[in-house]
Amino acid sequence: FNTKYILAKPQTATDADYLGIEGVVAHEYFHNWTGNRITCRDWFQLSLKEGLTVFRDQEFSSDMNSRAVKRIADVRRLRAAQFPEDAGPTAHPVRPDSYIAIDNFYTPTVYEKGAEVIRMIHTLLGPRKFRAGMDLYFERHDGQAVTCEDFVKAMEDASGADLNRFRLWYAQAGTPELAVEERWDPASGALDLAVRQTVPPTPGQPQKRPMPVPLAVGLLGTGGRDLPVRLEGEAAAEPGTRVLTLSEAEERFRFIGLAERPALSLLRGFSAPVRLKPQPRERLLRLFAEDTDPFARWEAGQQLATSHLLQMTAAWRAGGAAELDRDFIAACGRILCDSRLDAAFRAEAVALPGEAYLLDQMQPADPEAVFAAREAARRAIAAALGDRLVELYEAHRERGPYRTDPDAMGRRALKNAALAYLAAPGGDPRGLDITLAQFRSAGNMTDALAALSLLADRAEPAREAAFSEFYERWREEPLVIDKWFALQATSRLPDTLQRVQRLLDHPAFTYATPNRVYALIANFGMGNPVRFHAPDGSGYRFIADQVLVLDPRNPQVASRLLTPLGRWRRQSSDRQQLMKRELQRILAEPNLSKHSFEIASKGLG
């Protein structure tokens, strides 16, 4: 029985824990219909229940909290886990073709991408017709074991839509890539848009057909006004978001009746699980400042930050240095201080892309350079916005009892986002003092853990004292001690692997509890790129050693630890050889479980 997503109190659970419990309980409750009363004919249809139920719990949590922030969080998770899976040796369709151990297919593709497939149907049909399709699905199949095809057929019959081509999303693996070109004609007030789609080859599927993609588009005018999205041949159109359907490898659209050149706002709400090629800097700055669609505004900031960080990474690799774009820093400052925006959204908008996401944009990847560039960017933001960050922190400090409503959670998120910049190692000297004060006075686990996570990356005497104090206080609370292990596994300090190895002998560590294994070992492999990818291969050897220790005891957990070792293709040739060597060592184990054999053998390709 796993207590992680059911037990909570303010002293031991963070805001993220509360949101996680809300989503997981909703998910299991919604399975009453989508999974239980209507179940799967066979295991290949697993996403019929899991992808659909993830979509339902996402929508529930969006209604209960900030819809924009929930969508951003879901897309972050998709890009961190599912996009790399789609680009790696274990890529598989939402409806897999084959398996050795079905436990290995409880994957981000089946769950998160499966939910995105359902969301695209919702986007294409609209809320009213989608609801009619759900009603028909429940009415037609209550008490039956059915297939993904039966679900899509119910949507077609209820709406009158033809989803024949859309079924490709269930059969083809891979993440479609969209390249966009535009041409403005001031004489006629027309904007021409060309969109080209490619779907990269994946294991077993070298040739791909174009996927039907709902592309939500907006046209942003002066002052952040949404302009009418009127296509050639139409008499009129309303301002706002328009969903275009891409069906072929290349599609062209002409928007007319425009008195000014608009800024194209593409993939609003993340209307499809695709990769969009980088957009022009000036457009992104404008969208980051003004876009009316929260997701598109956040995405513009992420694209800007990603571009700048990759430039800084290249400079670092060449032995030089590069500064973070001042216009981007200024835009972050304006968003931080814009009280008209939801506090939780402001916290998300100024958060830099994670190391794993940045590494996924590089070929070959360079973990040390990405880490160095990202840390330099954190220091630059802290140096430029230090006073404003302190003011923001003070304005959003906890006053009154702990609450878990969206407003209170948003205030804590924004306060801790400001602190994360102030406490960047080598940054604002006030950061360490504020962090220690928050750790000592925190009246809830959200603030205590936020402070401790920042101390984890500081080579300060105060770090050791804080971790010791935290352990002694919470040693009788297993879920809190999981957090204690996880923070040490994800520390960016150079000696992290040695610390993790010593923690295997800690009295509180046990291989018998999956949550404890995930907290310490899986977090090191999946959540700490710069230390996992140590040039000497020590991080790879550590994970392989742990797989071999765990495989006889719990092959399901062991096979999940293998995931990062299979993602060697983006690494340098030296790292590739080291990672493949560990996969081969695992495969040479005489009594290897079928779970680990499947992931390791596919990982080698």
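A residue counts as buried when its relative accessible area is under 20%. In this predicted model, ten of the 13 residues of helix α22 meet that cut-off, so the helix is largely enclosed by the rest of the structure. Two other sites are covered below: the loop residue Q363, which is exposed, and a nonpolar surface patch that includes V25.

**Helix α22**
- Helix α22 covers residues 538-550, and its end C-alpha atoms lie 18 Å apart, which agrees with the 18 Å that 13 residues should span at 1.5 Å a residue.
- Its buried residues are S538, G539, Y540, F542, I543, A544, Q546, V547, L548 and L550.
- These buried residues pack against α19 (496-503), α20 (514-527), α21 (529-532), α23 (555-561), α24 (573-587) and α25 (594-604).

**Q363**
- Q363 sits in the loop that links α12 (355-359) and α13 (367-395).
- Its relative accessible area is 56%, which means that Q363 is exposed.
- Apart from neighbours within four places in sequence, Q363 is in contact with R569 and R570.
- The Q363 side chain comes to 3.1 Å from the backbone oxygen of R569, and it also forms a polar contact with the side chain of R570 at 3.5 Å.
- Between the C-alpha atoms of Q363 and S572 the distance is 8.1 Å, although the two residues are 209 residues apart in sequence.

**Nonpolar surface patch**
- F1, I6, L7 and V25 make a nonpolar surface patch of about 470 Å².
- V25 belongs to helix α1 (residues 15-30).
- With 39% relative accessibility, V25 counts as partly exposed.

Key. Residues are numbered from 1 along each chain as its sequence is written. This is a predicted model: local features need pLDDT of at least 70, side-chain atom pairs count only at pLDDT 80 or more; totals for chains, interfaces and linings use all residues. Side-chain values use heavy atoms; hydrogens and water are left out. Patches are made of residues with over 30% relative accessible area and no salt bridge: like charges are joined within 9 Å, nonpolar side chains (Val, Leu, Ile, Met, Phe, Trp, Tyr) within 5 Å. Accessible areas come from the Shrake-Rupley method with a 1.4 Å probe; for residues, only the protein chains shown count as cover. A salt bridge is a side-chain nitrogen of Lys or Arg within 4 Å of a carboxyl oxygen of Asp or Glu. Helices (H or I, at least four residues) and strands (E, at least two) are DSSP runs, numbered from the N terminus. Buried means under 20% relative accessible area, exposed over 50%, partly exposed in between (1.4 Å probe, protein chains only). The expected span of a helix is 1.5 Å times one less than its number of residues. Contact means heavy atoms within 4.5 Å. A polar contact is a pair of N or O atoms within 3.5 Å; within protein, one must be able to donate a hydrogen and the other to accept it, and residues adjacent in sequence count only if both atoms are side-chain atoms.
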